[in-house]
Amino acid sequence: MPALEGCILTPAGFVHGRLQHGSRIESVRGEPVDEPAARALAASGVPLVLPGFVDLHVHGGAGRDTMEGGDAAAAIARLHARHGTTALAATTMTAPRAEIESALAALAPHVAARPAGGARVLGVHLEGPLLNRARLGAQPDFAATATVEDVLALHAIAPLVLVTIAPELPGHLELIVALRARGFVVQVGHTDATYEQAHAAFAAGATGVTHLFNAMSPLHHRAPGVVGAALAHAERAEIIPDLLHVHPGAIRAALRAIPGLYCVTDSTAAAGMPDGSYRLGRHRVTKCLGGVRLPDGTLAGSTLTMDQALRNLVQLGLPLAEASRRTSALAAEHLGLPDRGRLAPGAWADCVLLDAALAVRGVRVEGEPVEPAVSDG
């Protein structure tokens, strides 16, 4: 039975010892150590073994885009696995219905069977077309309303694990209720809703927020908007911690307000690639100086990978165990997956090995070793 040795982050804290695994974890044994001791051991060469990252908002990577079809999803899953992401949600862009259906048909085989050397594709995050044209952000202008039958027809092509909805559009509050009744996880996003409309969406069953602060009505003390409703009422929300999309102070405010705040990359085809021009759905975007933008300067997704997200959270002052929880366990819990994002017997053997600088030095996806990306930490 394969084994990993190091300072292993379990749900109860760090253990200096050994993790036995096949495709799932068989056992974790060793001596409990506190985080400072674990970091000190890492400085002496002992690897830190953390749960593999779980990223619920991935548009692309390695020069490939989820909307292009073919083997794009496999290439994307491999790129992110090399950076420690062991499970992800392939995320769509707003497009004509036929293009969304074509993209889902291409994604379906990669959900059914994990790409060799790649992260597990948990399913699809449908980010569009159920959005408000007033808050498209970098989404192409093909926003539309939909019925529950429309969403179920897409789900029949490839499993939808997340659905982003602007709740203020006609029929969408009722759509949230109908989707929740059928077990879908619904997030509020790309929305110009008022505070009251967003609060109503949470009351109707929306359980998350898509890239908090971005592409939504902002917080004002007399018009709190979606941001205010999220900070006041949301139990969970995703945030992009690339330090471009959201100011560190706003991240800290969200951490205090939202118990289940978890990290996503919102990564594009430009992730893992040099500066240049890349596809994002129907758009062309440019990677330059670490950001990805439309020709008018609008941020258009990111180049972030989850290992850098972890390092950024630690840079902001979070303990490593807390940063790990917000890049793994909380996202898995959001989808109701108790066997992902945690290192405990019975869970999938999804692990990322880090050195003292928190650079990725090894990855296991469902027990399979994956060669890590070269990183300076």
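1. Let me open with a long-range contact. Glu333 forms a salt bridge with Arg236, and the closest N and O atoms are 3.9 Å apart. Glu333 sits in helix α11 while Arg236 belongs to strand β13 (residues 236–239), so this pair ties together parts that are 97 residues apart in sequence. Glu333 itself is partly exposed, at 44% relative accessibility. Keep in mind as you read on that this is a predicted model. The cut-off for a salt bridge is 4 Å between the side-chain nitrogen and the carboxyl oxygen, so at 3.9 Å the Glu333–Arg236 pair is within it.

2. Arg24 deserves a look of its own. Its side chain meets that of Asp339 in a salt bridge, at 3.3 Å from N to O. Arg24 lies in the loop between β2 (13–21) and β3 (25–33), and Asp339 in the loop between α11 (329–334) and β18 (351–354), so the pair ties together parts that are 315 residues apart in sequence. Both partners are partly exposed: Arg24 has a relative accessible area of 30%, and Asp339 has 22%. Buried means under 20%, so Asp339 at 22% still counts as partly exposed.

3. Arg24 has a second contact to check. The charged end of Arg24 sits over the ring of Trp348, 3.9 Å from the ring centre. So what about rings paired with rings? A search of the whole structure finds zero aromatic pairs.

4. For a local salt bridge, go to helix α3 (residues 97–112). There the side chains of Arg97 and Glu101 meet at 3.0 Å, N to O. Arg97 and Glu101 are four residues apart in α3, which puts about one helical turn between them. Arg97 counts as partly exposed at 34% relative accessibility, and Glu101 counts as partly exposed at 31%.

5. How many salt bridges does the count come to? The figure is 19. Some of the charged residues are linked in a network: Arg114, Arg120, Arg340, Asp350, Glu366 and Glu368. As general background, side chains of opposite charge can pair when their charged atoms come close.

6. Now the parallel sheet. Six strands form an open sheet in the order β5-β8-β9-β10-β11-β12, and the pairing is parallel. At the edges are β5 (53–58) and β12 (208–209), each of which pairs on one side only. Inside the sheet, strand β10 (residues 160–165) and strand β11 (residues 186–188) pair in the parallel sense over three bridges. To get the register, start from Val163, whose bridge partner in β11 is Val186. Helix α3 packs on this sheet, touching β8 (85–91), β9 (120–127) and β10, and the direction of α3 makes about 160 degrees with that of β9. That is the helix with the Arg97–Glu101 pair from point 4.

7. The other sheet to inspect is antiparallel. It is an open sheet of three strands in the order β15-β16-β17. β15 and β17 stand at the edges with a single partner strand each, so one side of each is left without a neighbour in the sheet. From one strand to the next, the twist averages 35 degrees.

8. On the β15 side of that sheet, five bridges join strand β15 (residues 276–280) to strand β16 (residues 283–288). Two pairs give you the register: Gly276 stands opposite Lys287 in β16, and Leu280 stands opposite His283 in β16. The two strands form a hairpin with two residues between them, and Gly281 in the turn has a positive phi of about 60 degrees.

9. On the β17 side, three bridges join β16 to strand β17 (residues 291–293), again running antiparallel. Here the bridge partner of Cys288 is Gly291 in β17. This hairpin also has two residues between the strands, and Leu289 takes a positive phi near 55 degrees. It's worth zooming in on the backbone at Leu289.

10. Last, helix α9 (residues 306–315). Is it covered or open to the outside? Mostly covered, with seven of its ten residues buried. The buried residues are Met306, Asp307, Ala309, Leu310, Arg311, Asn312 and Leu313. Note that Asp307, Arg311 and Asn312 are on that list. Just after α9, Gly317 takes a positive phi of about 110 degrees.

Terms used. Residues numbered from 1 in each chain as written. Predicted model: local features only at pLDDT ≥ 70, side-chain atom pairs only at ≥ 80, totals over all residues. Heavy atoms only, no water. Phe/Tyr/Trp six-rings, centres within 6.5 Å; stacked < 30°, edge-to-face > 60°. Lys NZ or Arg CZ within 6 Å of the ring centre and 35° of its normal. Buried < 20%, exposed > 50% of the residue type's maximum accessible area, 1.4 Å probe, protein only. Pairing = 2+ DSSP bridges. Axes fitted to C-alpha atoms, helices over the stretch in contact; angles between N-to-C directions. Contact = heavy atoms within 4.5 Å.
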